[in-house]
Amino acid sequence: MGSEVSDARKIRLFIDGQFCDAADGRWFDAFNPATGQRCAQVAEASAADVDRAVNAARRALTGPWGTMPVGERLDLLAAISDRIMRRFDDFLDAEIMDTGKPVSLASKLDVPRGAANFKIFSSVLRDLPTECFQTPTADGRGALNYALRAPLGVVGVICPWNLPLLLMTWKVAPALACGNTVVVKPSEETPSTATLLGEVMNEVGVPKGVYNVVHGFGPGSAGEALTTHPGVSGITFTGESATGKAIMKAAADGIKHLSFELGGKNPSIIFADCDFDAAVAGTLRSAFMNCGQVCLCSERVYVERPIFDRFVAALKEGAEAIVPGDPYADGTHMGPLISAQHRQKVLSYYELARQEGANVVTGGGVPELGGDQAEGFYVQPTIWTGLDEQARCVKEEVFGPCCHIAPFDTEQEALQMANDTQYGLCAAVWTQNLTRAHRMAAALEAGLVWVNTWFLRDLRTPFGGVGLSGVGREGGVHSVEFYSELKNVCIKL
Ligand code: NAD
Ligand code: 6OD
């Protein structure tokens with residue numbers, strides 16, 4: 001820990017409705033990635049703090065939260081949503097301080113989605129049907145079977161840093177809607193919005209212990225303590241596939257329920273009959289949005305040969321028009337990477353691409369920025385061509401603003417290259433041929449396929465990946481499946 005910061009810049013744990021320091025008084029530093037400067041100190045939860053949070057969450061299961069009528073609980077979720085919107089600027093500033101992402105992005109995506117996640121699950125639970133069977137019996141009177149839903153219990157919510165508010169609320173909202181209580185472990189890089197949500201919970205009257213936040217790291221820290229705690233019934237995790245493997249092993253002893261949203265190396269397939277301008281604009285977004293730090297980003301772009309050169313030139317022009325810089329400045333399109341360490345990783349892929357024989361169409365380095373951003377963790381949007389399909393830069397998730405573009409001659413060839421991956425989160429197809437779109441959508445091995453769009457979300461739909469990209473689906477009723485236990489009741493009539 002460096003020198004002390006003012007009390008206002010200390011980010012505390014939120015346990016049992018109260019903000020508190022860690023029991024053993026440990027703190028770690030948080031950095032603003034846009035400036036590279038330390039912006040806060042964060043309390044690091046010990047195993048004892050995690051235990052306190054889990055116990056508070058367990059007590060809350062049977063307290064006022066557990067006995068609250070469902071309608072009232074769902075009203076509270078709607079109130080959380082409204083309150084996030086009322087405190088829009090607080091959430092915006094917290095998100096930007098943690099991530100450095102441009103205000104234009106955070107104000108359109110992260111904060112509104114944080115609020116929308118609570119609204120949608122309030123309504124999904126309100127409209128939830130239940131199954132019921134009339135069962136014939138030998139005496140002719142029959143029996144009635146119906147299913148009741150009970151909460152899982154305490155859910156551990158472990159989050160990444162790329163869309164911190166969006167991804168955390170995407171899990172907290174359905175968990176609470178189903179009557180669970182939660183202990184959230186935000187990424188050590190982005191502790192602010194989860195903490196701010198604690199204030200919102202108190203402001204709208206969520207009973208204490210329902211929502212808890214423990215800060216810290218993974219192995220040997222709060223993350224591991226949460227995944228191994230016997231009082232935790234389920235873990236919902238978003239992050240790297242390698243971390244997912246570690247959590248799966250750690251959670252095995254308790255046979256915990258698991259839902260994983262993991263990494264990706266997503267393909268975009270662009271056919272010559274596409275709406276060219278829409279495909280270019282969509283691919284620019286899908287490769288470079290949030291500085292490429294979205295699990296859904298397209299790092300592999302396959303373009304039908306007749307339009308290959310034109311497409312590469314258009315994407316290059318678009319990438320070179322992207323303005324990096326001050327997140328609050330008008331006209332900034334791209335923020336920094338999340339940390340110095342992550343920038344090192346991305347730059348090492350930029351170097352590897354050269355070693356692997358890539359043609360660097362644009363980028364490949366660090367932009368020159370002045371003022372407050374001179375020490376920020378920025379990199380250039382980067383496009384490669386000419387790599388072998390087995391090159392590491394084509395196989396491994398970089399999680400930065402870069403993509404490789406390769407030509408293809410037939411639909412079958414495009415499909416074969418797109419599916420040649422251990423991941424399977426999403427794919428985008430750009431074509432005006434609907435029959436082909438359906439064919440591709442069915443054949444692509446991924447949890448989500450977008451046609452002529454990217455990252456267009458309806459929160460009622462199933463979200464998740466295949467292969468190394470995840471386990472399970474969340475969204476709408478699919479979240480309810482994960483965050484609740486079904487109990488069958490059989491009544492002899
Ligand atoms: P990460 O796996 O490094 O960390 C995610 C969280 O797990 C953090 O809170 C971290 O502290 C915690 N953690 C790490 N090791 C742990 C352990 N052993 N036990 C318990 N907790 C542990 O991921 P990241 O770097 O924060 O995020 C980037 C990754 O997340 C990328 O791979 C990206 O593709 C993936 N991601 C996937 C989705 C999706 O929906 N599929 C969404 C966003 C991000
Ligand atoms: O939109 C969502 O619900 C979602 N889970 C997005 C994930 C983005 C990954 O970075």
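When I speak of a polar contact this morning, I mean a pair of N or O atoms within 3.5 Å of each other. With that cut-off in mind, and remembering that what we are looking at is a predicted model, let me start at ligand 1, where a polar side-chain atom of T243 lies 2.6 Å from an oxygen atom of the ligand. On its own, ligand 1 exposes 850 Å², and of that area the protein buries 92%.

T243 has company here. K185 places a polar side-chain atom 2.6 Å from an oxygen atom of ligand 1, and for E188 a polar side-chain atom likewise lies 2.6 Å from an oxygen atom of that ligand. There are 30 residues around ligand 1, and those that come nearest are K185, E188, T243, L262 and E397.

Let me now turn to ligand 2. Its surroundings consist of R113, N162, L163, L167, W170, E261, V294, C295, L296, F455, R457 and F463, and by class this shell divides into eight nonpolar residues, one polar residue and three charged ones. Among the polar contacts, R457 brings a polar side-chain atom to 2.7 Å from an oxygen atom of ligand 2, whereas C295 takes part through its backbone, with a polar backbone atom 2.8 Å from an oxygen atom of the ligand. With E261 the partner is a nitrogen atom of ligand 2, which lies 3.3 Å from a polar side-chain atom of that residue. Taken alone, ligand 2 exposes 300 Å², and the protein buries 100% of that.

Where does ligand 2 lie with respect to domain 1 and domain 2? Both domain 1, which covers 7-262 + 469-492, and domain 2, which covers 266-457, give residues to the shell, and so ligand 2 lies between them.

Now to the pockets, beginning with the largest, whose volume is about 830 Å³. Its lining is made up of 35 residues, and nearest its centre lie W161, E188, G239, E240 and T243; E188 and T243 are names you will recall from the residues that come nearest to ligand 1. Which element gives the most to this lining? That is α9, with four residues, while α8 (222-227), β11 (234-238), α9 (241-252) and α12 (340-355) each supply at least two. Sorted by class, the lining of the largest pocket holds 15 nonpolar, 12 polar and eight charged residues, and at least three of its residues come from each of domain 1 and domain 2.

The second largest pocket has a volume of about 440 Å³, and 19 residues line it, with L105, R285, M289, N290 and H333 lying nearest its centre. Two helices, α5 (103-126) and α10 (276-288), each supply at least two residues of this lining. Its classes come out as 11 nonpolar, six polar and two charged residues, and here too domain 1 and domain 2 each contribute at least three residues to the lining.

To draw this together, the linings of the largest pocket and of the second largest pocket each take residues from domain 1 and domain 2, and ligand 2 lies between those domains.

Notes:
Residues are numbered from 1 along each chain as its sequence is written. Chains are lettered from A and ligands numbered from 1 in the order in which they are written. This is a predicted model: local features need pLDDT of at least 70, side-chain atom pairs count only at pLDDT 80 or more; totals for chains, interfaces and linings use all residues. Side-chain values use heavy atoms; hydrogens and water are left out. On a 1 Å grid over the protein atoms alone, a cavity is a set of points where a 1.4 Å probe fits but cannot get out, and a pocket is an open set with protein on both sides within 12 Å along at least five of seven lines; lining residues have an atom within 4 Å of a point. Grid points are joined across faces, edges and corners, and a volume is the space filled by probe spheres set on the points. Ala, Val, Leu, Ile, Met, Phe, Trp, Tyr, Cys and Pro count as nonpolar, Asp, Glu, Lys and Arg as charged, and the others, Gly among them, as polar. Domain bounds come from an automatic or database domain assignment. A residue is near a molecule or strand if one of its heavy atoms lies within 4 Å of it. A polar contact is a pair of N or O atoms within 3.5 Å; within protein, one must be able to donate a hydrogen and the other to accept it, and residues adjacent in sequence count only if both atoms are side-chain atoms. Accessible areas come from the Shrake-Rupley method with a 1.4 Å probe; for residues, only the protein chains shown count as cover.
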